[in-house]
Every structure is written in C-alpha cells, then in structure tokens.
Amino acid sequence: MANTDPSAASSYTNVNQLLNSAAVTEAAAYQQYYGYAAAADQEGYTDLANVWRTVGQVEHQDHYTHEITLSGLYSGSDNIANLRIAILQAQEAAKAYERWAGEAPDHEAAHVLRKVAERQTVAADLLTQALDALQGQDGSVPAAPEIEYYQVKVSPEPHYSGTFFTELTGASNSALAAASWQWAEYQWMAKVAVSTGQADLGKLLSALEIQEQQNWNWLSNLAGYVNGVQLNLQESIASEQGAIDMYTAWATRSDQLGNPSVASTFRSITTDEQGHHQTFTTELAQVQSGN
C-alpha cells in the first residue's frame, strides 16, 4: 500500500509512485462514500446519499481511473500481466491482514481479520490456477468462490480508537484501504478480461471484486466506521482536506521530478477536491440547521 501523507512527497522518486499513491486514496474514498451513502439511505437522507454516491463516482471513475491509466500499473489488454500483479497483491494483502490480526485487541477483530486473510490466500490460489490455464500449463479458469454478504451497519461511534482504529480504517496502509484497493483492481481487470474475450476469467475477477466489497462492509462494521450523517459529513470534510493537501504536495513533487503534465493533472484534481470539500461543508450546515 502507498503512503499518502503529504510530508512523504520527497520520498517518491518517480511520478508513477505518486500516481499510484493517489489512486490508493481514490479507491478508499469511493468505498468511504459508498458506506456513508448506505447509512444516509437507512436514516432517510436520500438526497444526501445521492451526493455521496455522486462524489464517490468522481473519485473512482474519474480520478482513480485517470491515475491508474497514466501510471500503467495495470494493463488494458494483457490478462497474464494483470494476473501476475493480482496474485502478488493478494498474497501481500493476506500477510497484512494476518499482521493486523496479531495486533487485534479482542477475539472478534482477530477472527474477522484472519478470515479476510484466508480469503486473500484463496483468491491468490484461484488466480494462480487462472494464470496457469491462460499460459496453457494446466487446467482451466476456476469457478468463483462462494461469497458471504454483509449489509453496512450504522454505529453511534467507532468501536475502536488509537492505533488499531487507524490500522483498520486509515486512508492508506489500512484494512479498509486494502479491501478498497483490491476491489478497484479486480474491477479493472475484469473489464480487461471481458474485452479480450476471456469470459470465464471475467467472471472470476468480477466475483473477487464482489468479495472485496463484502470484505469492506464486514471490516467497516467491525470498526464502527460508518456513523450518523453528521459524523460522516465531518469525516468527509476532513478526508477532502487531506486529499487537497496531498494533491498540492504531489503536484509540487511532480514538477520537481520534471513532469509538468502529471503536476497539471494533480492540480486539476485538487480543484475537484476543493469543490467536494465545499459541497460536504454545505451539506453539514444544512443537516445541523434541520433543513
């Protein structure tokens, strides 16, 4: 996972690292706002839910997609290259979830994190089978795993605090960020598989995408991440300010690395994030006033 702390800008040595770091945040933002929209629907704030969904779509369909395309992290046509990356990332995610489980303060958290780690290991095995099939080594693309579904739950307040809550929910290097990143990766790769005539691979990747969405829901419920609309709006405002600060630093670093084109992209996205910040600030004022 990437480090999206603005102070880390100087540690990046090329713009692709910056683009991928930004994409981590955008995938996480989409899932964050998806969760908040689900909560708003449950509380009867339909219009506000639609605002969160709209902003989330911009974060994913526009910002994330543009950044991943520019960085070239995933191929738009080579399924074998994509599978190799997906296998590695699933293996790395399994290790991360096991590490977080070892730091869990109670049995429930450890259980959930280890279960998600197991799913990552299974995913890596399924993807390895798919890679072998595409390379003509053995077998065929396997069927999708069985998926457990979880509805996003609204909690009055977070269930944890301090370092462990950050490990569960932080913008990068966290359990929710890992699930968001895997979700976006599988969606991208599934589209490539379908567009290149690999229907069975597309089905497998789409199922893994759904599984990551459910992992996000389960982890969110564990953390008590999705709260009432006022708290969620406050967190949205804070997230947008974090994105503004990050993109400002990333644009400056891109100029330093001699890539004004990427710097311009980051400044354009900064303008979007400033608009989102204002939108959420306006929505919070309306909720607080009872309108």
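# Briefing on an all-helix chain model

Serine 220 is placed in helix H7, which covers residues 199-223. The model is a predicted one. It contains 9 helices and 0 strands, and the radius of gyration of the chain is 19 Å, close to the 19 Å that the globule rule gives for 291 residues, so the chain is as compact as a globular protein of that length. The points below cover helix H7, the chain as a whole, and the salt bridges.

**Two residues of helix H7**

- Serine 220 counts as buried because its relative accessibility is 1%, under the 20% limit.
- Once neighbours within four places in sequence are set aside, the contacts of serine 220 are Leu176, Tyr225 and Val226.
- Glutamate 209 also lies in helix H7, and its relative accessible area of 16% makes this residue buried.
- Trp183, Tyr186 and Gln187 are touched by glutamate 209, with residues up to four places away in sequence not counted.
- Between glutamate 209 and serine 220 there are 17 Å in space, C-alpha to C-alpha, for a separation of 11 residues in sequence.

**The chain as a whole**

- The order of elements along the sequence is α-α-α-α-α-α-α-α-α.
- The C-alpha trace spans about 65 × 50 × 35 Å along its principal axes.
- Of the 291 residues in the chain, 54% are buried.
- Taking contacts between residues at least 6 apart in sequence, 79% join residues at least 24 apart.
- The chain has an accessible surface of about 12,400 Å², and carbon and sulfur atoms account for 49% of that surface.
- The chain carries 12 positive and 33 negative charges, and the mean positions of these two sets are 6 Å apart.

**Salt bridges**

- The count of salt bridges comes to 4; among them are the three pairs described here.
- Arginine 114 and glutamate 98 form a salt bridge through their side chains, with an N to O distance of 3.7 Å. This pair links distant parts of the chain, with arginine 114 in helix H4 (residues 107-134) and glutamate 98 in helix H3 (residues 79-102), 16 residues apart.
- Both partners of that pair are partly exposed: arginine 114 has a relative accessible area of 37%, and glutamate 98 has one of 38%.
- Arginine 119 is joined to glutamate 148 by a salt bridge in which the closest N and O atoms are 3.5 Å apart. Because arginine 119 lies in helix H4 and glutamate 148 in the loop between H4 and helix H5 (162-169), the pair ties together parts that are 29 residues apart in sequence.
- Arginine 119 is buried, at a relative accessible area of 10%, whereas glutamate 148 is partly exposed, at 43% relative accessibility.
- Arginine 267 and aspartate 255 meet in a salt bridge between their side chains, at 2.8 Å from N to O. Here too distant parts of the chain are linked: arginine 267 belongs to helix H9 (residues 260-289) and aspartate 255 to helix H8 (residues 229-256), with their positions 12 residues apart in sequence.
- Arginine 267, at 41% relative accessibility, counts as partly exposed, and aspartate 255 is likewise partly exposed, with a relative accessible area of 36%.

Definitions and conventions: Residues numbered from 1 in each chain as written. Predicted model: local features only at pLDDT ≥ 70, side-chain atom pairs only at ≥ 80, totals over all residues. Heavy atoms only, no water. Helix = DSSP H or I, 4+ residues; strand = E, 2+ residues; numbered from the N terminus. Rg over C-alpha atoms; globule rule 2.2 N^0.38 Å. Buried < 20%, exposed > 50% of the residue type's maximum accessible area, 1.4 Å probe, protein only. Contact = heavy atoms within 4.5 Å. Areas by Shrake-Rupley, 256 points an atom, 1.4 Å probe, with all protein chains shown as cover. Lys, Arg positive; Asp, Glu negative; His and termini not counted. Charge placed at Lys NZ, Arg CZ, Asp CG, Glu CD.
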